[in-house]
Each structure stands twice: as structure tokens, then as C-alpha cells.
Amino acid sequence: MDDPKDDQHKDSQLDPTGLASVPPSMVAGAGSDDGLVRPLPWEGRVQKIWIGPDGLRPVWRLAFYLLAFRALRFCLHTLIYYAWPDAGMLWLQAAVELGLAIVVMVPALVMSRIEHRPFGRYGLPLGRAFGKLFWFGALWGFGSITILLLALHGAHAFDFGGLALHGVRVVKFALFWGVFFVIVGFYEEFFTRGYTQFTLTQSVGFWPAAILLSAGFGVLHLENPGESWVGILGAVLIGFFFCLTLRRTGNLWFAIGFHASWDWGESYFYSVPDSGGMAPGHLLHTSFHGPNWLTGGSVGPEGSVFLFVLLILLWVVFDRVYPQVKYPAERSDSRF
């Protein structure tokens, strides 16, 4: 007659896990395909809202970026208000723009680590900083504002006038406004066409994202004094042209150079109103004559009907000079 102890000994040799004598109902995951506890249906639906095939969905990444930027901008304004209460207006403006250029990058740097992407994929490859694309953009920008004002002069709506600055002040203000508008271009281009454009492109495609963000670029100009609906429309279309330069060059350096030199030429060199304001320390005594639809009125030349003709010409010429699409962002399967 067999000894039960011998049977137990044999089972333990055949099953080194020691589970041979445990009832099947007590084994974890018994009856499931993979032995894991499956999430409840509502848990799966919630997870699908947040997570897609590529990780966190683009809409939530964009929301995190914008919320982080708003929080940092609030901290920046509070810091500047209490740190430099007696600062001169020009230096205060420069400090604010420099701070905004920094805080617009910080959330993107954080997101690049979370998304495991190089920061340059968001439109600012630092290895190409101030390279040939930047300087080509600067030439295009200064040339464009020059053509616009020459057209207004030919229509007897604008006079260049004489010098308003002399001596060392010419160089001092030229350098100050040059650095200032590079910072402005850096901040505004990355905020409206950097991380935001990349992430929205993954969700809805490049051109729908470009339309939305160009409209946002126009909304930013609502804060400027003396703006009009024509000036806002002009800003929207300029932003849309910058989206074309981003798509064809692959990064923002051309747009930053164009943006900076356009603003520098408009505000300092040609000394005309920019979105309703005149820059102190401008070079010339200029004047406008004629109806607002031609001169732009309080908005300046960005509110002139000639601007829209210029933008059509810029679009056609740039399309011919830079025909190849180089923008790196692909549309994601995760959509929203």
C-alpha cells in the first residue's frame, strides 16, 4: 500500500513551485488570459481620454504647457513689479520681454524631457541659432517694410522727414532696439509657432493648427493701444505667412529674423507707428498724409491696404524660393 507522504514528495519534485496542491480557484488570475487584474470598464474609458498610442494626448500636453506658462508669467510680472519699482520705462519693457522669452521656453524644456524629444523639434534648434536662416529672414523683413513704406511714399501718403537723433544716440538706440526686437521676435514666434504649433500639428494637422495660432497671434495685438480690426487682420495674416516660413525652412530662425528686423525698421529706423505706439528714441521725423485705409491711421503701416498686397507678394516669392517642406512634426494617431 502506497504511503501518502511518498505521493506528496513526488508531487513536489514534479512541481517545484509548490502550487500543485493549491486549488485552481486560489491561484491569482485564475480564469483570465494573462493572469493580470483587468481594469474596470470605466477605468479604461478614463485612461483613453488621457492616454493615446503615443502617450499623453496632445491636447493635454498643450494644456499643461499653457498653464505652466501662465503661472510663470504671473510670477515674472510680480517679481519685476517688486524688484524694480523705479526702473525706467524702456529698461522695464526690455526686462519684461527678456523674462517672457525665458518663461516661454521653460515649460517646453520640461515637456521635451517628458516626451523624450530633443528641444530643437519644437522649432528652435539651438545649433542653428543666428545662422544664415536668421540673417536671410532679417534681410527679408527689413526689405519688406522698406518696400511697403516706399509704396506709401509713391502714393504721396508718407514722408521720410529728417533726422530726429544725432551723434552717439543714433548708435545707442539702434543697438538697444535691435536687441529688444530680437527678444520680442524670439518670444512671440516661439509662443505662437514653437511648442504650440508642434503639438497642435500632431492633433489636427499643420495648416489647421497654423490657422488657430495665427488667430491667436492677432489676439495678442489686442493689448496694443490704437489697434483696429484692420491691424488685427494684418497681424493674423503676417502670422500665417510666418507659418509658411516655418513649414518650408523647418525651424523658426527665419521667422525670428524677419520679425525682429521688420519691427526694428518700422519702429526705429523708419520711425512710424507700430500697433498704435511710437518708440522713443526713433531715428526720423516722419509723417503720413491721406485716408486711414491707405496710411493705416493710428495702427501705422500694418493697418494699410498696401500691407495685404505686400503679403500676397511675399507668399508667392517665398513659395518659389523655398519650395520644399521641411517641418519635422508628424501627425499623431492619438489625435485629441
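The paragraphs below lead through a predicted model of a protein, from its overall build to its pockets and its cysteines.

The protein contains 13 helices and 4 strands, and of its 336 residues 42% are buried. When contacts with a separation of 6 or more are considered, 77% of them come from residues 24 or more positions apart. The surface that the protein exposes amounts to about 18,300 Å², and carbon and sulfur atoms supply 68% of that area.

Attention can now turn to empty space. Rolling a probe the size of a water molecule over the atoms shows where such space is left. In this model the largest pocket holds about 1,300 Å³ of space, and 47 residues line it, with Glu-97, Val-184, Glu-188, Leu-220 and Asn-224 lying nearest its centre. Two or more lining residues are given by each of α3 (58-83), α4 (89-103), α7 (168-193), α8 (195-204), α9 (206-220), α10 (229-249) and α11 (253-269). Among these elements α7 gives the most to the lining of the largest pocket, namely 8 residues. Sorted by class, the lining of the largest pocket comprises 28 nonpolar, 11 polar and 8 charged residues.

The second largest pocket has a volume of about 180 Å³, and its lining consists of Phe-134, Trp-135, Ala-138, Gly-178, Phe-181, Val-182, Gly-257, Ala-260, Ser-261 and Trp-264. The elements that contribute two or more residues to this lining are α6 (132-154), α7 and α11, and it is α11 that supplies the largest share, with 4 residues. By class, the lining of the second largest pocket is made up of 7 nonpolar and 3 polar residues, with no charged residues. The helices α7 and α11 thus appear in the lists for both pockets, that of the largest pocket and that of the second largest pocket.

The cysteines remain to be considered. A disulfide is a covalent bond between the sulfur atoms of two cysteines, and the structure holds 0 disulfides. How buried or exposed is Cys-75? Cys-75 has a relative accessibility of 47%, and it counts as partly exposed because this value lies between the limits of 20% for buried and 50% for exposed. Cys-243, by contrast, has a relative accessible area of 0%, which is under the 20% limit, and therefore it is buried.

Technical notes:
Residues numbered from 1 in each chain as written. Predicted model: local features only at pLDDT ≥ 70, side-chain atom pairs only at ≥ 80, totals over all residues. Heavy atoms only, no water. Buried < 20%, exposed > 50% of the residue type's maximum accessible area, 1.4 Å probe, protein only. Contact = heavy atoms within 4.5 Å. Areas by Shrake-Rupley, 256 points an atom, 1.4 Å probe, with all protein chains shown as cover. 1 Å grid on protein atoms, 1.4 Å probe; cavity = no way out; pocket = protein on both sides within 12 Å on 5 of 7 lines; lining within 4 Å. Points joined across faces, edges and corners; volume = space filled by probe spheres on them. Nonpolar A, V, L, I, M, F, W, Y, C, P; charged D, E, K, R; others polar. Disulfide = S-S within 2.5 Å.
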